[in-house]
Amino acid sequence: MSLTVDLSGKTALVMGVANARSLGWAIAEPLLAAGCRVGFSYQGERLKGELDKLLAGHAGVWSQQADATREEDLAALFARVREEFGHLDYLVHSIAYAPRPAMEGRFISTTSDDWNTALNVSAYTLVSAARHAEGLLRDGGSVVSLTYHASRQVVPKYNVMGVAKAALEAATRYLAADLGAAGVRVNTISAGAMRTVAARSIPGFSGLYDEAGRRAALGRHATPEEVGKLALFLLSDLGSGVTGQTVYVDAGASVMTMPLPG
Ligand code: NAD
């Protein structure tokens, strides 16, 4: 058995790269390095410039604007996937959003509009993207998304986003059941706190970040590169028996209640 990951002849769609710090980009980089052909979708035109800069110098890549909450954008995006690739091996969902007021106050004050927005953008879009991808995904295909431990334990100010991540993790299990007969796997990566645009919009993020590093079993933060390595495992044939799972890469922050003394 060879452990070198060669993804030449494979195709991937990565949804949700905003800039070089995005976890979506940390996942795309090893895919590109392994020879995978990769298409990208970005939420709005203001993000195109940053993505174009990242893609310069990579051969055979393409990108298309798609707001993941808009059915017509998803239809056009997956029509493009069909046109460019003919099929899809890997789908990466790296998308989340909650309105700022929902993360500033108490969870009990969450409005139904903010609830609907957070769960729609951060959880339902995985379901709709998987549905659009279904006819393109082949046996051996794999879907990966990003979640966070606030789905299971209270993280102050994470509020409705914690509920959205719990929905994403449950959706992962149901999607795994739906797509399993076709040989397609669905997993979600629970990443530790990392400094990205989305993370910076969480009130009190730097305190949360510092605490995670202090507490982690490895005594440090997990890195975006480590998210990329786990994604490569889950997407490729290395992860062939793994589906429906929430897999942690957080340097062991979630298994500790407090730092060890000394
Ligand atoms: P990021 O800001 O780089 O990426 C979030 C992406 O979501 C952006 O590209 C944004 O444009 C996109 N997005 C938001 N609404 C969208 C919509 N309607 N349609 C299409 N795209 C939309 O931040 P990130 O931290 O890399 O976030 C990626 C994923 O990782 C998210 O699911 C996030 O919850 C998850 N995550 C992040 C951390 C962390 O600490 N950074 C930890 C665990 C999980």
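**A walk from the salt bridges to the annotated sites**

R131 and E71 are joined by a salt bridge, with 3.5 Å between the closest N and O atoms. This pair ties together distant parts of the chain, since R131 belongs to helix 4 and E71 to helix 3 (residues 71-85), 60 residues apart. Keep in mind as you look around that this is a predicted model. Both partners are partly exposed: R131 has a relative accessibility of 42%, and E71 has 39%.

Let's stay with charged side chains for a moment. Side chains of opposite charge can pair when their charged atoms come close. The model holds twelve salt bridges, and helix 3 offers another one to inspect: R80 meets E84 at 2.9 Å, N to O. These two residues sit four places apart in helix 3, so about one helical turn separates them. E84 is partly exposed, at 29% relative accessible area. You can also find a network of salt bridges linking R70, E72 and D73. Within it, the closest N and O atoms of R70 and D73 are 3.6 Å apart. Are these two partners buried or exposed? R70 is partly exposed at 40%, whereas D73 is buried, because its 13% relative accessibility falls under the 20% cut-off.

Now turn to the annotated residues. UniProt, in an unreviewed entry, places the feature "active site" at Y148 and Y158. Both Y148 and Y158 are included in the lining of the largest pocket. Y148 lies in the loop between strand 5 (137-147) and helix 5 (160-180), and Y158 is found in the loop between strand 5 and helix 5 as well. Y148 is buried at 14% relative accessible area, and Y158 is buried at 7%.

Which residues does Y148 contact beyond its neighbours within four places in sequence? Its partners are V155, Y158, K165, E169, S190, A191, A193 and L208. Y158, with residues up to four places away set aside, touches M103, Y148, A150, K165 and I202. K165 thus appears among the contacts of Y148 and among those of Y158.

The unreviewed UniProt entry also lists A98 under "binding site". A98 is in the loop between strand 4 (88-93) and helix 4 (112-133), and it is buried at 9% relative accessibility. Beyond four places in sequence, A98 touches M103, A118, V160 and M161.

One last stop is S41, in strand 2 (residues 37-42). S41 is buried, with a relative accessible area of 3%. Among its contacts outside the four-place window are L13, V14, G16 and Q64.

Notes: Residues are numbered from 1 along each chain as its sequence is written. This is a predicted model: local features need pLDDT of at least 70, side-chain atom pairs count only at pLDDT 80 or more; totals for chains, interfaces and linings use all residues. Side-chain values use heavy atoms; hydrogens and water are left out. UniProt positions are given in the numbering used here, feature names are shortened, and annotations may be inferred rather than shown by experiment. On a 1 Å grid over the protein atoms alone, a cavity is a set of points where a 1.4 Å probe fits but cannot get out, and a pocket is an open set with protein on both sides within 12 Å along at least five of seven lines; lining residues have an atom within 4 Å of a point. Buried means under 20% relative accessible area, exposed over 50%, partly exposed in between (1.4 Å probe, protein chains only). Contact means heavy atoms within 4.5 Å. A salt bridge is a side-chain nitrogen of Lys or Arg within 4 Å of a carboxyl oxygen of Asp or Glu.
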